[in-house]
Amino acid sequence: MTRLLIMGPPGAGKGTQAVGLAELIDGAHISTGDIFRANVANETELGKTAKQYMDAGKYVPDEVTNAMVRDRLKQPDAESFVLDGYPRTADQVIELDAILAEIGAKLDGVIALVVNDREELVQRMIKRAETSGRADDTEEVIRHRQDVYDEETAALVPIYRDHGILHEVEGTGTIDEVAARIGSVVDGL
Ligand code: ADP
């Protein structure tokens, strides 16, 4: 059983790497962004709530997100998993610990993709916007998402460093290069 988180600023390639990482550990890829987008597409109540925040590049309220993750982590295919996009706030870190305690699990590692050049991130996302069709992929919202990451989510890096489970991975280079770096971290777990 392997239980991992992957984090990094918007545009760092977190989603792409999370898919490969889930295959590598033969676990579930749990992306809160993907789950929200699926709910928006299916016009569920959850989707209606989430959409207004997502379109503005804001975080969905913690109580909504926490309940969704709790349900997902209790499903039978989630014994091994890669969480992608959760936790994103210090309160979500505490909630995740509580959820894992309920199911008698704990995290094996946190992979933090590091891309220090913010302009490169913004340019990557503007390029992706040409094909993604995501309502939150306009330049203004992209820049806002970067600010929200810096204000709320960057603080999780020192928290997990203190927990002794943080592995920082350089996120520049090709997809394969970054995947190889992540692979070596997983080998060392
Ligand atoms: P990105 O492409 O920036 O990594 P995601 O696909 O992970 O973004 O998430 C898209 C949007 O979904 C976020 O901007 C936010 O509105 C919402 N969202 C995803 N995960 C969370 C979370 N853990 N807490 C609050 N909101 C979230």
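This is a short walk through the pockets, the cavity, one helix pair and a few backbone features of a predicted model.

I'll start with the open spaces. The largest pocket has a volume of about 910 Å³. Its lining comprises 41 residues, and those closest to the centre are Pro10, Lys14, Arg128, Arg134 and Arg145. Several elements each supply at least two residues of that lining: helix H1 (14–25), strand E2 (28–31), helix H2 (32–41), helix H6 (118–132), helix H7 (139–153) and helix H9 (175–187). If you sort the lining of the largest pocket by class, you get 14 nonpolar, 16 polar and 11 charged residues.

The second largest pocket holds about 240 Å³ of space. There are 14 residues in its lining, and Pro9, Val115, Asn116, Tyr149 and Asp150 lie nearest its centre. Strand E4 (109–114), H6 and H7 are the elements that give two or more residues to this lining. By class, the lining of the second largest pocket has 9 nonpolar, 2 polar and 3 charged residues. H6 and H7 therefore turn up in the lists for both pockets, if you want to look at them on the screen.

Next, the enclosed space. How many cavities of 30 Å³ or more does a search of the whole structure find? The count is 1. That cavity, the largest, contains about 70 Å³ of space. Its lining is made of Leu5, Ile6, Met7, Gly8, Lys14, Gly85, Tyr86, Pro87, Arg88, Tyr149 and Thr153. Two or more of these residues come from strand E1 (3–7), and the same applies to H7. E1 gives the largest share, 3 residues. By class, the cavity lining has 6 nonpolar, 3 polar and 2 charged residues.

One residue deserves its own slide: Lys14. Lys14 is among the residues closest to the centre of the largest pocket, and Lys14 also lines the largest cavity. Its place is in helix H1. Is Lys14 buried or exposed? Lys14 counts as buried, because its relative accessible area is 14% and the cut-off for buried is under 20%. Setting aside neighbours within four places in sequence, Lys14 is in contact with Ile6, Met7, Gly8, Asp84, Gly85, Arg88 and Leu113. Among these, Ile6, Met7, Gly8, Gly85 and Arg88 are also named in the cavity lining. For a distance across the chain, take Ser31, which is 17 residues from Lys14 in sequence; the two C-alpha atoms are separated by 9.9 Å.

Now the backbone. Most residues other than glycine have a negative phi, and most peptide bonds are trans. Here are three exceptions in this model. A cis peptide bond joins Tyr86 and Pro87, with omega about 0°. Pro87 sits in the loop between strand E3 (81–84) and H5. Both Tyr86 and Pro87 are in the cavity lining as well.

The other two exceptions concern phi. Asp26, in the loop between H1 and E2, has a positive phi near 55°. Asp26 is exposed, because its relative accessibility is 69% and the cut-off for exposed is over 50%. Glu43 has a positive phi of about 55°, and its place is in the loop between H2 and helix H3 (45–55). Glu43 is exposed too, at a relative accessible area of 60%.

Last, the helix pair. Two packed helices are described by the angle between their axes and the distance between the axes. Helix H5 (residues 90–102) and helix H8 (residues 156–163) have axes that come within 10 Å and cross at roughly 35°. The crossing is right-handed. On the H5 side the residues involved are Ala90, Val93, Leu96 and Asp97, and on the H8 side they are Leu156, Ile159, Tyr160 and His163. By class, this contact has 6 nonpolar, 1 polar and 1 charged residues.

Leu96 leads to one more residue, Leu73, in helix H4 (residues 62–73). Leu73 is buried, with 3% relative accessibility. Beyond its neighbours within four places in sequence, Leu73 is in contact with Ile30, Ala78, Phe81, Leu96, Ile99, Leu100 and Ile103. Ile159, on the H8 side, is 86 residues from Leu73 in sequence and 22 Å away in space, C-alpha to C-alpha.

Note on methods:
Residues are numbered from 1 along each chain as its sequence is written. This is a predicted model: local features need pLDDT of at least 70, side-chain atom pairs count only at pLDDT 80 or more; totals for chains, interfaces and linings use all residues. Side-chain values use heavy atoms; hydrogens and water are left out. Axes are lines fitted to C-alpha atoms, for helices over the stretch in contact, and angles run from 0 to 180 degrees between N-to-C directions. Helices (H or I, at least four residues) and strands (E, at least two) are DSSP runs, numbered from the N terminus. A crossing is left-handed if the near helix is turned anticlockwise from the far one by less than a right angle, and right-handed if clockwise. Contact means heavy atoms within 4.5 Å. Ala, Val, Leu, Ile, Met, Phe, Trp, Tyr, Cys and Pro count as nonpolar, Asp, Glu, Lys and Arg as charged, and the others, Gly among them, as polar. On a 1 Å grid over the protein atoms alone, a cavity is a set of points where a 1.4 Å probe fits but cannot get out, and a pocket is an open set with protein on both sides within 12 Å along at least five of seven lines; lining residues have an atom within 4 Å of a point. Grid points are joined across faces, edges and corners, and a volume is the space filled by probe spheres set on the points. Buried means under 20% relative accessible area, exposed over 50%, partly exposed in between (1.4 Å probe, protein chains only).
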